[in-house]
Amino acid sequence: MKTAILVVPIVMWLAPGAAAQNTPQAQIEKGRIAVTAVCTGCHDTGILRIVEMRQKSVDEWRDTVYKMIGRGAHIMPDEIEPITMYLASVRRPQQPDAAGEGPAILARRCRQCHDVERATTLPAGQNWNTIVDRMMALGAALTPAERRALLAHLTTGSK
Ligand code: HEC
Ligand code: HEC
């Protein structure tokens with residue numbers, strides 16, 4: 001009876017910790033820490049930006065890691081896969097979703113003269129660039145950024 005009471009809390013305490021070590025997220029986090037510690041030694045923090053821009057596949061990053069070991073990078077064998085997974089997981093920073101502002105811009109800049117239905121219906125044979133420029137000539141007060149965002153929105157065909 002006594003042992004049972006003792007064993008249960010220990011098992012509950014160990015299990016989540018053991019599981020967390022093996023999740024892809026935990027591996028990627030381990031890789032992230034190793035990259036910050038190891039790669040910056042030769043490349044400085046500019047390497048993080050390079051990794052963002054390169055977008056290699058898992059296999060290509062694994063090759064790079066081995067190549068860096070060949071150049072003298074101190075990487076433990078059990079860090080190779082986490083580092084590779086981390087490098088392959090890094091995504092380019094996303095551009096802000098410009099097209100997502102489209103409806104707000106339509107409401108702000110177009111709706112005083114006609115409804116959104118009309119303002120988002122492209123007449124046959126025309127293109128949005130020309131129409132938006134014509135509307136600006138008529139008085140739609142779009143900033144350059146709003147013009148870009150609105151065109152992105154209109155050309156995706158959503159309302
Ligand atoms: C001991 C120094 C050293 C360390 C540590 C090091 N590198 Fe390098 N790295 C180099 C040298 C030297 C080059 C240029 C020669 C070459 O391209 O192999 C290079 C080139 C690169 C390149 C460009 C070439 C390619 O194959 O794309 C990338 C990307 C890169 N390293 C990533 C990393 C990453 C990620 C790490 C950490 C896992 C790392 N490096 C750690 C020395 C190092
Ligand atoms: C100052 C008033 C005004 C504003 C603001 C305005 N429009 Fe217009 N719009 C008009 C007039 C007037 C017409 C009809 C004459 C024409 O087509 O040139 C028109 C026509 C249109 C048409 C139909 C074009 C065609 O060839 O049938 C579309 C599409 C359109 N506007 C979209 C927009 C959009 C998108 C905006 C916001 C960027 C906007 N408009 C802002 C006045 C305006």
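Modeller: Before we start, a handy definition: Ala, Val, Leu, Ile, Met, Phe, Trp, Tyr, Cys and Pro count as nonpolar, Asp, Glu, Lys and Arg as charged, and the others, Gly among them, as polar. Keep in mind, too, that this is a predicted model.

Biologist: Thanks! How do the residues of the shell around ligand 2 divide into nonpolar, polar and charged?

Modeller: Among the residues that come nearest to ligand 2 are Cys110, Met135 and Gly139. By the definition above, Cys and Met count as nonpolar and Gly as polar. Taken over the shell, the split is eleven nonpolar, five polar and three charged.

Biologist: Which helix gives the most to the shell around ligand 2?

Modeller: Three helices each supply at least two residues of that shell: helix 7 (102-110), helix 8 (116-119) and helix 9 (128-138). The one that gives the most, with five residues, is helix 9.

Biologist: And what kinds of elements does the protein have, helices or strands?

Modeller: Follow the chain from the N terminus and you meet α-α-α-α-α-α-α-α-α-α. That makes ten helices and zero strands.

Biologist: Which helix gives the most to the largest nonpolar core?

Modeller: The largest nonpolar core has eleven residues, including Ala34, Trp61, Ile83 and Leu87. Helix 2 (24-38), helix 5 (58-70) and helix 6 (77-89) each supply at least two residues of this core. With four residues, the top contributor is helix 6.

Biologist: Which residues does Ala34 touch, leaving aside those up to four places away in sequence?

Modeller: Ala34 belongs to the largest nonpolar core, and Ile83 does as well. Not counting residues up to four places away in sequence, Ala34 touches Glu79, Pro82 and Ile83.

Notes. Residues are numbered from 1 along each chain as its sequence is written. Chains are lettered from A and ligands numbered from 1 in the order in which they are written. This is a predicted model: local features need pLDDT of at least 70, side-chain atom pairs count only at pLDDT 80 or more; totals for chains, interfaces and linings use all residues. A residue is near a molecule or strand if its C-beta atom, placed from the backbone, lies within 6 Å of it. A nonpolar core is a set of buried Ala, Val, Leu, Ile, Met, Phe, Trp, Tyr and Cys residues joined through C-beta atoms within 7 Å. A residue is buried if 20 or more other C-beta atoms lie within 10 Å of its own, exposed if 12 or fewer, and partly exposed in between; C-beta atoms are placed from the backbone. Two residues are in contact if their C-beta atoms, placed from the backbone, lie within 7 Å.
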